[in-house]
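Welcome! Let us take a friendly walk through this structure, one part at a time.

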Amino acid sequence: MLIRCILITGSPGVGKTTIAKALSHELRIPWLNVAQVVSSHNLGIYDPESDTYDVDVNVLRSTLIRTIKEDVIVDSVIPDILPKSMVKLVIVLRLDPIEMAKRLIKRGWKLRKILENVEAELLSVITYEAVRYYGTNKVVEVNTTGKDVKTIVREILDILKGRRRDEYKPFSIDWLRRYRDPLDVSRKVLKMLKEPQLRADQEHS
Ligand SMILES: Nc1ncnc2c1ncn2[C@@H]1O[C@H](COP(=O)(O)OP(=O)(O)OP(=O)(O)O)[C@@H](O)[C@H]1O
Ligand SMILES: [Mg+2]
């Protein structure tokens with residue numbers, strides 16, 4: 001059987017899992033969280049230096065090929081995780097880097113890890129990787145900033161129906177137009193880390 005998945009990708013904390021679950025419910029297509037596959041198959045090796053799990057992408061890719069037996073909505077922070085032939089559409093969720101930083105602070109992430117990921121979002125790194133691997137035609141970007149889950153899902157359903165596809169072309173979102181100096185963003189994040197409200201949230205999450 002020819003498998004054609006929808007891949008939801010994006011930087012950490014942009015809402016991939018939230019949106020993938022909601023879309024799965026809406027389309028009645030099962031949802032697969034790649035992070036769960038990594039953990040259930042023990043594919044991640046913890047690197048204390050970067051405080052992340054290193055994964056051999058080739059091993060993960062073959063595991064997914066073996067696991068996926070029907071069309072699924074795949075939720076992954078690594079875009080180039082499925083063979084091109086198994087992917088119908090790649091949706092890169094984008095989020096204003098400052099909003100993203102707030103979510104990562106609430107998770108209690110370390111400053112360095114927050115800054116690395118915020119910088120990657122600022123520079124559209126996931127979009128570059130997705131386009132390099134899957135090609136421009138299969139990739140769309142959706143700005144989730146300030147939108148509720150329902151609105152984002154509605155936009156994705158429109159894209160899947162082939163509507164307003166031009167508005168979602170890759171690289172249409174460029175945070176550098178809003179934040180001309182990336183250092184300003186880092187300074188803002190540093191300042192936010194000292195805000196008691198965000199830290200209080202972190203203690204309760
Ligand atoms: N549209 C939204 N509006 C407000 N909050 C949201 C929205 N989408 C997700 N969130 C919140 O942001 C946080 C991160 O969401 P989620 O876990 O779905 O992100 P993720 O991209 O899957 O993260 P990770 O890369 O770590 O898996 C959660 O607390 C979630 O409730
Ligand atoms: Mg997730």
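Before we start, one term is worth having at hand: a crossing of two helices is left-handed if the near helix is turned anticlockwise from the far one by less than a right angle, and right-handed if it is turned clockwise. Please also keep in mind that this is a predicted model.

**The central sheet**

A good place to begin is the open sheet, which has 5 strands in the order β2-β5-β1-β6-β7, with parallel pairing. Its edge strands are β2 (31–33) and β7 (139–143), each of which pairs on one side only. From one strand to the next, the twist averages 25°. Within this sheet, β1 (residues 5–10) runs parallel to β6 (residues 87–94), and 6 bridges join the two strands. Gly10, for instance, has Leu93 in β6 as its bridge partner.

Two helices lie across these strands. α1 lies across β1, β2, β5 (73–75) and β6, and runs at about 170° to β5. α7 lies across β6 and β7, with an angle of about 155° to β7.

**A hairpin**

Now look at β3 (residues 44–47) and β4 (residues 52–55), which pair in the antiparallel sense over 4 bridges. Asp47 has Thr52 in β4 as its bridge partner, and Tyr46 stands opposite Tyr53 in β4. The hairpin has 4 residues between the strands, and Asp51 takes a positive phi near 55° there.

**Helix α4 and its neighbours**

Two packed helices are described by the angle between their axes and the distance between the axes. The table gives both values for two helix pairs that include α4.

| Helix pair | Angle between axes | Distance between axes |
|---|---|---|
| α4 (residues 97–106) and α5 (residues 111–122) | roughly 155° | within 9 Å |
| α4 and α9 (residues 182–193) | about 35° | 10 Å |

How do α4 and α5 run relative to each other, roughly parallel or roughly antiparallel? Angles over 145 degrees count as roughly antiparallel, and the axes of α4 and α5 cross at roughly 155°, so α4 and α5 are roughly antiparallel to each other. α4 passes α5 in a right-handed crossing. On the α4 side, Pro97, Met100, Ala101, Leu104 and Ile105 take part, and they meet Ile114, Asn117, Val118, Glu121 and Leu122 of α5. The residues of this contact divide into 8 nonpolar, 1 polar and 1 charged.

α4 also passes α9 in a right-handed crossing. Here Pro97, Ile98, Ala101, Lys102 and Ile105 of α4 make the contact with Val185, Lys188, Val189, Met192 and Leu193 of α9. This contact of α4 with α9 has 8 nonpolar residues, no polar ones and 2 charged ones. Pro97, Ala101 and Ile105 of α4 thus appear in the contact with α5 and in the contact with α9.

**Around the ligand**

Our last stop is ligand 1. Which residues come nearest to ligand 1? Of the 16 residues around it, Pro12, Gly15, Lys16, Thr17 and Thr18 do. The elements that give two or more residues to this shell are α1 (16–27) and α7 (149–160). α1 gives the most, with 3 residues. By type, the shell around ligand 1 divides into 6 nonpolar, 6 polar and 4 charged residues. Both helices should look familiar: α1 lies across strands that include β5, and α7 lies across β6 and β7.

Terms used:
Residues are numbered from 1 along each chain as its sequence is written. Chains are lettered from A and ligands numbered from 1 in the order in which they are written. This is a predicted model: local features need pLDDT of at least 70, side-chain atom pairs count only at pLDDT 80 or more; totals for chains, interfaces and linings use all residues. A residue is near a molecule or strand if its C-beta atom, placed from the backbone, lies within 6 Å of it. Ala, Val, Leu, Ile, Met, Phe, Trp, Tyr, Cys and Pro count as nonpolar, Asp, Glu, Lys and Arg as charged, and the others, Gly among them, as polar. Axes are lines fitted to C-alpha atoms, for helices over the stretch in contact, and angles run from 0 to 180 degrees between N-to-C directions. Angles under 35 degrees count as roughly parallel, over 145 as roughly antiparallel, 65 to 115 as roughly perpendicular and the rest as oblique. Two residues are in contact if their C-beta atoms, placed from the backbone, lie within 7 Å. Two strands pair if DSSP finds at least two bridges between them.
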